[in-house]
Amino acid sequence: MKRVTFTDRCDGIGSVYNKGDVAVFPDGVADAIVAARKGTAEAMPDPTTAKVDGKKDAVDPDAGKDDPKTTPENGKS
């Protein structure tokens, strides 16, 4: 994903963006906007591998499995 800052009016991509607007697009869309000279793009960090204080901050797929608030009392769903 890339963050695009529009440098000119841009339409035809599902919405209308004016100069100065900022939006996030998949890499291919952002590259096309830059190629059309309608904006500039900067890469965004992947949220599942972003580093915080030198450690990787990953999403835990097992989070909340044993949480009594999310587990039925009788153990059945």
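**Colleague's note: the sheet, the helix and the core**

1. Start with a single pair: Lys-2 has Phe-25 in strand 2 as its bridge partner. Lys-2 itself sits in strand 1. A word on terms: strands here are DSSP runs of E with at least two residues, helices are runs of H or I with at least four, and both are numbered from the N terminus. Two strands count as paired if DSSP finds at least two bridges between them.

2. Before going on, keep in mind that this is a predicted model, in which local features need pLDDT of at least 70 and side-chain atom pairs count only at pLDDT 80 or more, while totals for chains, interfaces and linings use all residues. Residues are numbered from 1 along each chain as its sequence is written, and side-chain values use heavy atoms, with hydrogens and water left out.

3. How confident is the predictor? The chain has a mean pLDDT of 79, and 61% of its residues reach 70 or more; pLDDT is the predictor's confidence in each residue, on a scale from 0 to 100. Strand 1 has the highest confidence in the chain, at 96, and strand 5 (residues 55-56) the lowest, at a mean of 54. Where pLDDT is low, the predicted coordinates should not be read in detail.

4. Overall, the chain has one helix and five strands, and the elements follow the order β-β-α-β-β-β from the N terminus on. Of its 77 residues, 13% count as buried. Buried means under 20% relative accessible area, exposed means over 50%, and partly exposed is in between (1.4 Å probe, protein chains only).

5. Now the sheet. Three strands make an open sheet in the order 2-1-3, with antiparallel pairing. Strand 2 (22-25) and strand 3 (39-43) are at the edges with a single partner strand each, so one side of each has no neighbour in the sheet. From one strand to the next the twist averages 30 degrees; angles run from 0 to 180 degrees between N-to-C directions, with axes fitted as lines to C-alpha atoms, for helices over the stretch in contact.

6. The pairings can be followed residue by residue. Strand 1 (residues 2-6) is joined to strand 2 by four antiparallel bridges, and Thr-5 stands opposite Val-22 there. With strand 3, strand 1 forms five bridges, again antiparallel, and Arg-3 faces Glu-42 of strand 3.

7. Which face of strand 1 is covered? Lys-2, Val-4 and Phe-6 form the covered face, whereas Arg-3 and Thr-5 are on the uncovered one. Helix 1 (residues 27-35) lies across strand 1, strand 2 and strand 3, at about 25 degrees to strand 1.

8. Back to Lys-2, since its side chain makes an interesting link. The Lys-2 side chain has a polar contact of 2.7 Å with the side chain of Asp-31. A polar contact is a pair of N or O atoms within 3.5 Å; within protein, one must be able to donate a hydrogen and the other to accept it, and residues adjacent in sequence count only if both atoms are side-chain atoms. Leaving out residues up to four places away in sequence, Lys-2 also touches others, including Ala-30, Ala-41 and Met-44; contact means heavy atoms within 4.5 Å.

9. What makes up the largest nonpolar core? Its eight residues are Val-4, Phe-6, Cys-10, Tyr-17, Ala-23, Phe-25, Ala-30 and Ile-33. Strand 1, strand 2 and helix 1 are the elements that give two or more residues to this core. Such a core is a set of buried Ala, Val, Leu, Ile, Met, Phe, Trp, Tyr and Cys residues joined through side-chain atoms within 4.5 Å.

10. Two core members are worth a look. Ala-23, in strand 2, is buried at a relative accessible area of 12%. Residues up to four places away in sequence aside, Ala-23 touches Lys-2, Arg-3, Val-4, Phe-6 and Tyr-17. On the same basis, the contacts of Tyr-17 include Asp-8, Arg-9 and Phe-25.

11. Over on strand 3, Thr-40 is partly exposed, with a relative accessible area of 44%. Its C-alpha is 5.5 Å from that of Val-4, although Thr-40 and Val-4 are 36 residues apart in sequence.

12. One backbone oddity to finish: Arg-37 has a phi near 60 degrees, a positive value in a residue other than glycine. Arg-37 lies in the loop between helix 1 and strand 3 and is exposed, with a relative accessible area of 74%.
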